[in-house]
Amino acid sequence: MDPSLPCFLLFIFLIGCVKCSLDSHHHNGTRHFEYCVLGAGPAGLQMGHFLSKAKRDYIILERNSGPGSFFNKYPRHRKLISINKIYTGRQNREFNLRHDWNSLLSDKPDLLFKRVSSEFYPPADAFPLYLSMFVKELGLRVRYGVDVGRIRATQSATGVSYVLTDQHASDYTCSVLLVATGLWVPQKVEFVGSELVEGYESISTNPEDYKDQAVLILGKGNSAFETAQSILGKASRVHMLSSSPVRLAWQTHYVGDLRCAVNNELLDTYQLKSLDGLVEARLEKIVIARRKEQVGRRPAVKKREKRGKLYLTLKKYKQNQDKRKNSSEVTGEELPGYHIDNFSTRNPYDRVIRCLGFRFNFSIFDSSACPPNSGNAKGRLPGVTAWYEGKSTPGLFVLGTAAHSRDYRSSAGGFIHGFRYTARAVHRVLERRYHSNPWPSTKLSTTQLLSWILKRVGEASGPYQMFEVLGDVVLLRGSHCEYVEEFPIQALPQFSSLSGREVSSHGLVVVVMQYGKKKIDYLGRNRAETDWSRAWKSNFLHPVLYYYDTLPTEEEMKLRPHGWPLPRPKAIHHMVEDFLTEWEGPISHIQPLRRFLERCVQTDLRSFYAESCFHSSLTHRKPPLFCQQGYLKRQGVAPKSRLRQHVHDAGLMPTEQDADTSGADPAFPNYLAQAGASMSSGLRLDL
C-alpha cells in the first residue's frame, strides 16, 4: 500500500470535519434558520429581498425547479390581466409604480418587469423570467426542489419554533415562518354529478377541441371568462352559471372582479342575443347528469343522439329514491324542461367545466401550526391578524395572495401590485418585534407637513394601491412631527407596539386613500365631484385625513361605522377627487388641506416672504411658526424670481404665500388673487 495514502485520507477527513463545523445551519439532519420563507413566488421573493437587505438569516424554500412556477401553468390561456403601463409621461419611479402591476420592490431602479415584456397585458411566460432575473440580480437565497409536506410547531424555552419536513424527511426549523405559497389548490363544490365535470386545471386549451360543442362553465370569475373567451369562436354556445351575477371591476373597484378590458366578449354576445348567456343558481342545488334510457322503449333518433350529453337539472326535481338520489343519471321526468317548458338551461351540453378559482393548501399544516380558515372568501383563505400573523399561530405570518382575507373584495392585497407593499409592512413588523428596530419615519418641521402630505398623495404607490388598508400616520409633536409611511391601519390600536413609535398628547393624523361609498352610475353624467366644498361626496379614489387626539381602541375599531376603514375621528377631511390624481390645485386641494391641518396642529401653517416675517417679528410677541423656523433662523424666503432657487438651496419646502398681489410671483395666475385665495406653487416635487 502506498505509505502516503493514510495521510491523504486523514486530510480528506479533516477537511470534511471543518466543512461540517462551518455549516451552522445543519445539525443532526436539521437545518436551522431564523426565517423560513415557504414559496418562491412573487410574495416570497419580495420578502426575501427585505430579509436580504437587512442581512437576516433566512432561506426561501421552493418545491419546484424555478421561481414563480404557478405562472408556468396559470392562467391556462397564457395572458395576464395585470397592467404593465410603461409610458406615463413621468420620470418619478414611485408614481410610475402606481401603473406597473407586475414589478417587485427593490433598490435597483431598473429591476422592473418592463425588461421582460413591453405588452400592456403581458404573456404569462414572462413572469417566471422576471422572477428568475429578480433572484439572480439580488442574490437571494432560494433552495429549489424542497417539497414541504408537513409543518408543525414546537414549544421551547425561547418560544414557538416551526419545523418543516420535506419529501426526503429532512427538517428545516425556524423561529419565524413566512408562508408565501399562494393559492393553487382548485376550489371545488360537491354536488350530484360533480364527477362528470372537467376542471379548469386540466381542460384542453385548444379551441378546436370545442368546435360546435355546447359548453356550460361553472363560475363567473376571471378564470371562467378567460376560458369562455378562448372557445367563444368555436363552441356552438357557451353558458355560464354561478350563484351571483357578474361583478364588473369598474363598478366595484375591486381588481379581482371581471375586467372589462379583457376576456369579456361573452357579455356582448349575451346581451346582443347571440346564443351565449349567464344564469344564476347555487351550485349545491344543481345536478349534472346523463339521461337514462327507459327500459322497454326504443329511443327515437333524436334521443339516441343525445345519450352521451350532459343535462343540468335541480336537486328538487330529482326523485328521492334512496338508490338513485346520488345517481348521475336522470329520467325525463327529472329534467327541468318537464316542469318548466322554458327553463333557461333545458337543452343538454357536451361538456361542463369548473372554473371556481383556487384555495389555500391547509393540508400541509399539523394541528399545532395550522392557521384557522378565514370567515370570508368561503373559508378558502387562512385567517390572519391586521398585521398578517396567523390567528392562534404566533410567529407564523402569511404573505401574498393567501393573506387576502384581510381585504377580500375591497382592496388589492391579493395581487402583486398590492401585496408587494403588505410584504414590506410585515417585514417592518418583524424588524420591530425581533430586532428592536422601529418603523422607519421621517422627521419634519410642522411647517413642512402640508408639502409632505401633498407629495405623498400625489405620487406614493403603496396607499394608492392598498387603499383603505395601508395609510400614512403623522405623529404630531408640537413644532415638529414624525411621518410614518404605509402602516396597516386596521392595526392602529396596536400602533405603538408594532411600530415602536409613541403617540404624544398632540395626537395623530392618518392619511388614507378611499373610494366613495355611494352606488352610482360610474359612466353616467355627474359621476365625479369637482366642488372642494363637497369633497366628502367624492366617488372616485381620493385622500381622506383622520385626526385623533389619542389612538383608537380595539373596541372603537370594531364599532366603526359600516364601510369606514377607521373609527369616527375628532376631525375628518376629504380632499376632493382629482381627474389627474395629482391633488395639487391651489384652491380645490391645497388651501382646504392647510386649514384642516392648522386646526389639528393649532398653528398657522402659511408661508411668508422675508419682509412679512420681519414685520410680524416687530409687531407680534410670537410670529407665525414658518417665520420662527425660517426667517428668524436666517432662512427667510426670497421674493419673486429667486424663490425656487432659495427653496432648493435652503432645503425648505414652503407651500403657500401671502395673497398680497403686489409681491406675488408672476407665475401665479391672476384669478387666484381676485378670488382672495392664498397662493401656492402646488409643489411638483418630482419634477
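**Stop 1: helices H2 and H4**

Start by selecting residues 42-53, helix H2, together with residues 126-138, helix H4, in this predicted model. Their axes come within 11 Å of each other and cross at roughly 15°. An angle under 35 degrees counts as roughly parallel, and H2 and H4 are therefore roughly parallel to each other. As for handedness, H2 passes H4 in a left-handed crossing.

Now show the side chains at this contact. On the H2 side, pick Pro42, Leu45, His49 and Ser52; on the H4 side, pick Phe127, Leu131, Phe134, Val135 and Leu138, which they meet. Sorted by class, this contact of H2 with H4 has seven nonpolar residues, two polar ones and no charged ones. If you wonder about the spacing of such positions, an α-helix has 3.6 residues a turn, so residues three or four places apart point the same way.

**Stop 2: Pro128, inside H4**

Stay with helix H4 and click on Pro128, which lies in it. Is Pro128 buried or exposed? At 10% relative accessibility, Pro128 counts as buried. Leaving aside neighbours within four places in sequence, Pro128 is in contact with Pro67, Gly68, Phe71 and Asn72, so display those four next to see what surrounds the proline. You can also draw a C-alpha to C-alpha distance from Pro128 to Val116: the two are 12 residues apart in sequence and 9.8 Å apart in space.

**Stop 3: H2 again, with H10**

Go back to H2 and add helix H10, residues 416-435. What angle do H2 and H10 pack at? The angle is about 35°, with the axes 9 Å apart. Here the crossing is right-handed, whereas H2 passes H4 in a left-handed one.

For the side chains, H2 contributes Pro42, Ala43, Gln46, Met47, Phe50 and Leu51. From H10 come Ile416, Phe419, Arg420, Ala423, Arg424, Val426 and His427. By class, the contact of H2 with H10 has nine nonpolar, two polar and two charged residues. Keep Pro42 highlighted for a moment: Pro42 appears in the contact with H4 and in the contact with H10.

**Stop 4: helix H5 and its surroundings**

Next, select residues 222-231, helix H5. This helix is mostly covered, with eight of its 10 residues buried. Colour the buried ones: Asn222, Ser223, Ala224, Phe225, Glu226, Thr227, Ala228 and Ile231.

Which elements do the buried residues of H5 pack against? Four are strands: S10 (214-218), S11 (237-242), S12 (277-280) and S16 (351-354). Helix H7 (265-271) is also part of this packing.

**Stop 5: the cysteines**

Show the cysteine side chains now. A search of the whole structure finds one disulfide. It joins Cys613 to Cys627, with an S to S distance of 2.1 Å. The torsion about that S-S bond is about -80°, so the disulfide is left-handed. Cys613 lies in helix H16 (residues 610-619) and Cys627 in helix H17 (residues 625-629), so the pair ties together parts that are 14 residues apart in sequence. Both Cys613 and Cys627 are buried.

Then centre on Cys36. Why is Cys36 not bonded to Cys174? Cys174 holds the closest cysteine sulfur, but it is 3.2 Å away, too far for a bond; the cut-off for a disulfide is within 2.5 Å. Cys36 is buried, with a relative accessible area of 0%. Cys355 is another buried cysteine, with a relative accessible area of 3%.

**Stop 6: backbone details in three loops**

Switch to a backbone view and find Tyr74 and Pro75. The peptide bond from Tyr74 to Pro75 is cis, with omega near -10°. Pro75 sits in the loop between strand S3 (58-62) and helix H3 (93-96).

Move on to Ser392, in the loop between strand S17 (358-359) and strand S18 (396-398). Its phi is near 75°, a positive value in a residue other than glycine. Ser392 is exposed, with a relative accessible area of 64%.

Finish the loops with Glu468, between helix H12 (462-465) and strand S20 (470-476). Phi of Glu468 is near 65°, again positive in a residue other than glycine. At 15% relative accessibility, Glu468 counts as buried.

**Last view: the whole chain**

Zoom out to the protein chain, which has 19 helices and 26 strands. Of its 687 residues, 54% are buried. Among contacts between residues at least 6 apart in sequence, 66% join residues at least 24 apart.

Key. Residues numbered from 1 in each chain as written. Predicted model: local features only at pLDDT ≥ 70, side-chain atom pairs only at ≥ 80, totals over all residues. Heavy atoms only, no water. Buried < 20%, exposed > 50% of the residue type's maximum accessible area, 1.4 Å probe, protein only. Helix = DSSP H or I, 4+ residues; strand = E, 2+ residues; numbered from the N terminus. Contact = heavy atoms within 4.5 Å. Axes fitted to C-alpha atoms, helices over the stretch in contact; angles between N-to-C directions. Parallel < 35°, antiparallel > 145°, perpendicular 65-115°, else oblique. Left-handed = near helix turned anticlockwise from the far one by under 90°. Nonpolar A, V, L, I, M, F, W, Y, C, P; charged D, E, K, R; others polar.
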